[in-house]
Amino acid sequence: MPSYKLTYFNGRGRAEIIRLIFAQAKVAYEDKRIEFAEWPALKPSTPFGCLPILEVDGTVLSESKAIASYVASENGLQGNTNLEKARAQMIVGVIRGFQDTLYTALFEKDEAKKATLTKKAFEETLPTVSGQLEAQLKQNATGWFVGEKVTYADLAVFDVFSEVTAKNPAALSAEKTPLLAALVEKVKALPNVAEWLSKRPQTGM
């Protein structure tokens with residue numbers, strides 16, 4: 001079993017999907033959390049000047065989507081065939097694109113622009129993405145996005161929607177997108193995921 005060390009800020013953010021994969025796979029890892037004040041000193045030593053990074057037996061991986069894909073692949077959470085793996089990556093790409101939209105609004109310093117970006121994210125982008133994901137679930141008919149069991153695509157969608165609904169419960173509609181709403185609840189109820197949710201550090205984001 002490789003030795004894993006995940007380094008990220010003391011929050012969920014872009015690293016939480018990786019933590020969820022580790023949790024679902026029951027894989028031990030070091031969850032290294034740093035404060036923002038520590039980042040300037042650490043940044044020059046990272047491959048591309050960003051977090052998270054994952055050290056695998058001393059080899060350093062960067063870019064959260066690449067890390068998530070790797071950890072999922074290593075632990076049977078990326079699909080059984082190349083086509084399933086591609087579909088899982090597709091779903092992850094879509095939901096992470098929406099997450100990027102939310103982060104762009106969140107970190108905008110101009111308050112007027114921030115309000116405009118937030119409004120667009122929730123009133124335009126969110127309904128579109130939700131409908132697209134609902135359609136993908138209809139195609140598979142197993143309750144999961146890919147194949148007949150949970151993959152990191154399901155974990156990624158849960159990760160983003162659990163954050164969104166924590167701030168705005170009406171953001172996910174069981175009437176408009178029943179399959180998507182059911183998927184989020186199903187992932188939340190997975191024993192390994194539920195265990196992680198019960199013990200993970202409580203942070204703002």
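Select Val150 in this predicted model. Val150 sits in the loop between helix H5 (111-140) and H6. Its relative accessible area is 9%, so Val150 counts as buried. Show the residues around it: setting aside neighbours within four places in sequence, Val150 is in contact with Gln24, Leu77, Trp144, Leu155 and Leu190.

Next, draw a C-alpha to C-alpha distance from Val150 to Gly76. The two are 74 residues apart in sequence and 9.5 Å apart in space. Gly76 comes just after H3 and takes a positive phi of about 70 degrees.

Step back to helix H3 itself, residues 64-74. Colour its buried residues, which are Ser64, Ile67, Ala68, Ser69, Val71 and Ala72. They pack against H1, strand E3 (53-56), strand E4 (59-62), helix H4 (82-106) and H6.

Follow that last partner and select Asp154, which lies in helix H6 (residues 152-167). Asp154 is buried but has no salt bridge. The nearest side chain of opposite charge belongs to Lys186, 7.3 Å away. Not counting residues up to four places away in sequence, Asp154 touches Trp144, Phe145, Lys149, Leu183 and Val187. Trp144 was also listed among the contacts of Val150.

Finish at the strands. Select E1 (residues 4-9) and E2 (residues 30-34), which pair in the parallel sense over five bridges. Between them the chain runs through helix H1 (residues 16-25), and this β-α-β crossover is right-handed. To find one position in the pairing, pick Lys5, which stands opposite Glu30 in E2.

Definitions and conventions. Residues numbered from 1 in each chain as written. Predicted model: local features only at pLDDT ≥ 70, side-chain atom pairs only at ≥ 80, totals over all residues. Heavy atoms only, no water. Helix = DSSP H or I, 4+ residues; strand = E, 2+ residues; numbered from the N terminus. Buried < 20%, exposed > 50% of the residue type's maximum accessible area, 1.4 Å probe, protein only. Lys, Arg positive; Asp, Glu negative; His and termini not counted. Salt bridge = Lys/Arg side-chain N within 4 Å of Asp/Glu carboxyl O. Contact = heavy atoms within 4.5 Å. Pairing = 2+ DSSP bridges. Right-handed = clockwise from strand over helix to strand, strands pointing away.
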